[in-house]
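Visitor: I'd love a close look at one part of this protein, with a guide to show me what surrounds it. Please start from how you judge whether a residue sits inside or outside.

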Amino acid sequence: MAFRRSELDRITDPDTFLWATGIEDTFITDPWPATGRILDEYELTGHYQRRDEDLDLMAELGVRMARYGIPWHRVNPEPDQWDWSWSDQALEGLLDRGVNPIVDLVHYGLPGWLEGAFLNPDFPERMAEYSGRLAQRFRGRIRWYTPLNEPRITAWYCGKLGWWPPYRRGWKGFVAVMLGLARGIVRTCEAVRSVDPEVVFVHVDATDIYLSPDPNLQEEVHRRQQIGFLALDLVSGRITEDHPLCGWLLRHGAREDDLAWFRDHAVRLDVVGLNMYPMFSQKRLVRSPRGLRIQMPYGSDEMVERLVECYWEHYRLPMMITETAARGPVHRRRAWLDQSVGAIRRLRARGVPLVGYTWWPMYALVAWAYRQSHRPASEYLEQMGLWDLDPHPEANLRRVKTPLVDAYRALVDGGCEAVGKLAARGPTQGGGQTSV
């Protein structure tokens, strides 16, 4: 385990900071019944066809790390059938350009033949097999992996809202999907480490700060904040009988032996990845005639500080901002870049081990509502990147450089200059179960 320890020591060195980017890689392969559409961001943004051009743009930024997703549904199109050609070329292309991938193994979607998706009893072992095979192909060359991006959002869309497979609804559906995908994460970590014990896992989830002006909703605010920690608490074996969500989980379909299984198979967390956006990550709970509603006021640099401090107090582990961006005109995106980087500088000055920053996505994405509509994809482009995508049909999604490219390149070239050295502050292992 010597390399793994030294790798973690390296990224928490006071003079080290990891600047990264990534390409939106949501894959929902099951067609929406009313439209027949799937949601494959690589297809919708032209990345399958423009892969090498996009990797060149990534290298142009000067980043030495990038989150990069593998389309499992293409690698493994049928049970026990494997086609690694496209993904091998993509990962080799990153390595050849001096970019170390943080491999995004599962980003919401699964192969269509896996009936029941995350509730299929074979899902954990299938995910582990696929991940282990990939790790074997790049053993000793790729050291960074994210087992499953945003497990809480996955459980929300797949289990609570019923928009993605397996189309469950309600909190019981949410808990069922969460337990299934968390088992997949655990088995994947075991499988990949059995192939290469020196890997580092970046466990990525969406982050939110909840608040409410209604004093009668404070209990719900507290519960929602704790649910934000649920996936990582499960996989790291932290759900004991005194955990704030233990009783809630049992009331919504979890069993005692489910929770015991996670304690018996606890995964040690290496790096906690935090996804946050000013337009999504601040949530205000209010009552309305139609029930509980969630409002999302636009966030600020203070939101970044609160979120990171919240996760530091809970886990006491190295952290990385693994997704952030603002949508809209370039000046709004630039303002968010400046504000969020400023917040990181203040956090590091207080000794909070925030070791990296990822502007995600590096170019526009197609909004998820596309799958449930009949309108053209060009009408769903969200310009959130360093490059824009030209929506005109004749432009064929041409990548359009914005001033943000040079601004981000300057940050990358400066190393930790913009965020400062990491000040000394307490241990970075262990962690409790504090609340907000």
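Guide: Let's fix our words: buried means under 20% relative accessible area, exposed means over 50%, and partly exposed is in between, using a 1.4 Å probe and counting protein chains only. By that rule Asn76 is buried, because its relative accessible area is just 1%.

A quick note before we go in. This is a predicted model, where local features need pLDDT of at least 70, side-chain atom pairs count only at pLDDT 80 or more, and totals for chains, interfaces and linings use all residues. Residues are numbered from 1 along each chain as its sequence is written, and side-chain values use heavy atoms, with hydrogens and water left out.

The score called pLDDT is the predictor's confidence in each residue, from 0 to 100. Its mean for this protein is 94, and 96% of the residues reach 70 or more. Residues 1-5 have pLDDT below 50, and that stretch makes 10 contacts in the model beyond near neighbours in sequence. Residues 430-436 also have pLDDT below 50, with 24 contacts beyond near neighbours in sequence. A contact here means heavy atoms within 4.5 Å.

Back to Asn76. You'll find Asn76 in the loop between α4 (72-75) and α5 (85-96). Helices (H or I, at least four residues) and strands (E, at least two) are DSSP runs, numbered from the N terminus. Look at the side chain of Asn76: one of its polar atoms is 2.8 Å from the backbone oxygen of Gln81. Gln81 is also among the contacts of Asn76 once you set aside neighbours within four places in sequence, and the others are Trp82, Pro111 and Trp113.

Now hop over to Tyr108, in the loop between β5 (100-104) and α6 (123-137). Tyr108 counts as buried because its relative accessible area is 3%. Its backbone is worth a look too: phi is near 80 degrees, a positive value in a residue other than glycine. Most residues other than glycine have a negative phi, and most peptide bonds are trans.

Next stop, the loop between α7 (151-160) and α8 (170-195), where Pro166 lies. A cis peptide bond joins Pro165 and Pro166, with omega at about 10 degrees. Tyr167 has its place in the loop between α7 and α8 as well, and its phi is positive, near 60 degrees. Tyr167 is partly exposed, because its relative accessibility is 30%.

There's another cis peptide bond between Trp360 and Pro361, with omega at about 0 degrees. Pro361 belongs to the loop between β13 (354-359) and β14 (365-366).

Let's end at Thr21, which is part of strand β1 (residues 18-22). Its relative accessible area is 0%, so Thr21 is buried. The side chain of Thr21 reaches the backbone oxygen of Trp359 at 2.9 Å. Leave out neighbours within four places in sequence, and the contacts of Thr21 include Thr358, Trp359 and Met362, along with Met58, Leu61 and Val63. Thr21 and Gly385 are 364 residues apart along the chain, yet their C-alpha atoms are separated by 9.7 Å.

Notes. Polar contact = N/O pair within 3.5 Å; in protein donor to acceptor, adjacent residues only side chain to side chain.
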